[in-house]
Amino acid sequence: MSTSFVIPSRCTLCPRRCGADRAAGRTGYCGAGGTLKVARAALHFWEEPCISGTRGSGTVFFSGCALQCCYCQNYPISAQCFGKEVTVERLAQIFLDLQAQGAHNINLVTPGQWQPWIIAALTLARDAGLDLPIVCNTGGYETPDSIRRWQGFIDIWLADLKYVSPALSAEMSAAPDYFAVAKQAIEAIMAQTGRPVYGPDGMLRRGVILRHLALPGHIDDSFRVLDQMAAWNDADPGCLVPSIMSQYTPFYKAAEHGIGRRITTYEYRRVVNYAVDKGLTSGFMQQKSSAREEYTPAFDLTGV
Ligand code: SF4
């Protein structure tokens, strides 16, 4: 079994298309270089219930991130690229270890900048008996080519739709093109994955959970995000599972960008009520108590 894959010499894996020569060991805008880095691999119990179930989601956190949001709760790994260098063979074994621990699925967190390595590892792991659904947990900032290359490897997308306003996405993620890119990406993943399919145990086997994290002081933009989700749902009812999240916590550089507090109960209620008014009723919302730092896993190289 070959594990060969091509390390980009002019990287265009994500919409930044920064052109880093990763084959020569250079790091790109996302912080990723020429050797795969993983920060944590463990069962995770705080995703949506149809992902975490009773035994947990087999979650693998990859180092680096194309988006670099100023409030990232995982900023030690996304922005500071914390992690350990591993081979694709080791990553395949990590997937198999999570399956042996009883994981309902394998949950790849921010995998886009490592796509060639991960596809090679998934291929190896499948040949060695991995048969769990594979989840791609993404900020929604993906190229059409990247989504095409994931076809046949990803069963479930946990995708964000973060912003509509170009000014807001420029401020928070230095990505004024965020909405244009994410809209196209989400339409591509819905076309690729199809409608949600559940197993007899109620666990999601296939489909798209579309998440929105409501930000303090920016619920007007949340309403525009929900307008877009509702437009997709109206055109094809039940095509996605909406998930409206209240867990925003002002990590990292959030205060410098005017979001240095948690969302209020009033703000979150208004966002949820707007979603209900728009017909986005069969999905998930969080208890406000989710906005606590203990829901953020410690990044200590567990399982790596
Ligand atoms: S994945 Fe990283 S290195 Fe590749 S284009 Fe995007 S930012 Fe640059």
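## Salt bridges, cores and a buried arginine

Glu187 has a relative accessible area of 34%, which makes this residue partly exposed. Please keep in mind that the model you are looking at is predicted. Glu187 forms a salt bridge with Lys183, with the closest N and O atoms 3.4 Å apart. Lys183 is partly exposed too, at a relative accessible area of 28%. Both residues belong to helix 7, where they are four residues apart, about one turn of the helix.

**The charged pairs**

How many salt bridges does a search of the whole structure find? The search turns up 11. In general, side chains of opposite charge can pair when their charged atoms come close. Here are three of the pairs, with the N to O distance of each.

| Salt bridge | Closest N to O distance |
|---|---|
| Arg148 and Asp145 | 2.2 Å |
| Asp236 and Arg195 | 2.5 Å |
| Glu187 and Lys183 | 3.4 Å |

Arg148 and Asp145 sit together in helix 5 (residues 144-150), three residues apart, about one turn of the helix. Arg148 is exposed, since its relative accessible area is 52% and the cut-off is over 50%. Asp145 reaches 40% relative accessibility and so counts as partly exposed.

Asp236 and Arg195 also meet in a salt bridge. This pair links distant parts of the chain, 41 residues apart: Asp236 is in the loop between helix 8 and strand 9, and Arg195 is in the loop between helix 7 and strand 7 (197-198). Asp236 is partly exposed, with a relative accessible area of 34%. Arg195 is partly exposed as well, at 43%.

Elsewhere, a network of salt bridges links Glu47, Glu48 and Arg211.

**An arginine without a partner**

Arg22 gives another picture. Is this residue, in the segment before strand 1 (37-44), buried or exposed? Arg22 is buried and yet has no salt bridge. The nearest side chain of opposite charge belongs to Asp21 and is 8.6 Å away. A salt bridge needs the nitrogen and oxygen within 4 Å, so Asp21 does not qualify as a partner for Arg22. Beyond its neighbours within four places in sequence, Arg22 is in contact with 11 residues that you can pick out in the viewer: Ile7, Pro8, Ser9, Cys11, Leu13, Ala32, Gly33, Gly34, Gln113, Trp114 and Trp117.

**The nonpolar cores**

Which residues have the most contacts inside the largest nonpolar core? They are Tyr71 and Phe95, in a core of 81 residues. Apart from this core lies another, of eight residues, including Ile51, Ile156, Leu158 and Ile209. Back at Phe95, and leaving aside neighbours within four places in sequence, the contacts are with Val60, Ile106, Leu108, Ile118, Ala121, Leu122, Ala125 and Leu130.

Ser78, in helix 2 (residues 75-78), is another buried residue to look at. Its relative accessible area is 9%, which means it falls under the 20% cut-off for buried. Again leaving aside neighbours within four places in sequence, Ser78 is in contact with Cys30, Gly64, Cys65, Gln68 and Cys72.

**Helix 8 and its cover**

Helix 8 spans residues 219-235. At 1.5 Å a residue, its 17 residues should span 24 Å, and the end C-alpha atoms are 24 Å apart, so the two values agree. The buried residues of helix 8 include Ile219, Phe223, Val225, Leu226, Met229 and Trp232, along with Asp221, Ser222, Gln228, Ala230 and Asn233. Among the elements that cover them are helix 6 (166-173), helix 7 (178-193), strand 8 (204-213), strand 9 (241-245) and helix 9 (265-277).

**The chain as a whole**

The protein chain contains nine helices and 10 strands. Of its 304 residues, 56% are buried. For a compact globule with 304 residues, the radius of gyration would be near 19 Å; the chain has 18 Å, which agrees. Its C-alpha atoms fill a box of roughly 55 × 45 × 35 Å along the principal axes. Among contacts between residues at least 6 apart in sequence, 73% join residues at least 24 apart.

Finally, visit Gly258, in the loop between strand 9 and helix 9. Gly258 counts as exposed, at 61% relative accessibility. Its C-alpha atom is separated by 34 Å from that of Asp145, and the two residues are 113 residues apart along the chain.

How values were computed
Residues are numbered from 1 along each chain as its sequence is written. This is a predicted model: local features need pLDDT of at least 70, side-chain atom pairs count only at pLDDT 80 or more; totals for chains, interfaces and linings use all residues. Side-chain values use heavy atoms; hydrogens and water are left out. A nonpolar core is a set of buried Ala, Val, Leu, Ile, Met, Phe, Trp, Tyr and Cys residues joined through side-chain atoms within 4.5 Å. Buried means under 20% relative accessible area, exposed over 50%, partly exposed in between (1.4 Å probe, protein chains only). Contact means heavy atoms within 4.5 Å. Lys and Arg count as positive and Asp and Glu as negative; His and the chain ends are not counted. Helices (H or I, at least four residues) and strands (E, at least two) are DSSP runs, numbered from the N terminus. The expected span of a helix is 1.5 Å times one less than its number of residues. The radius of gyration is taken over C-alpha atoms; the globule rule is 2.2 Å times the number of residues to the power 0.38.
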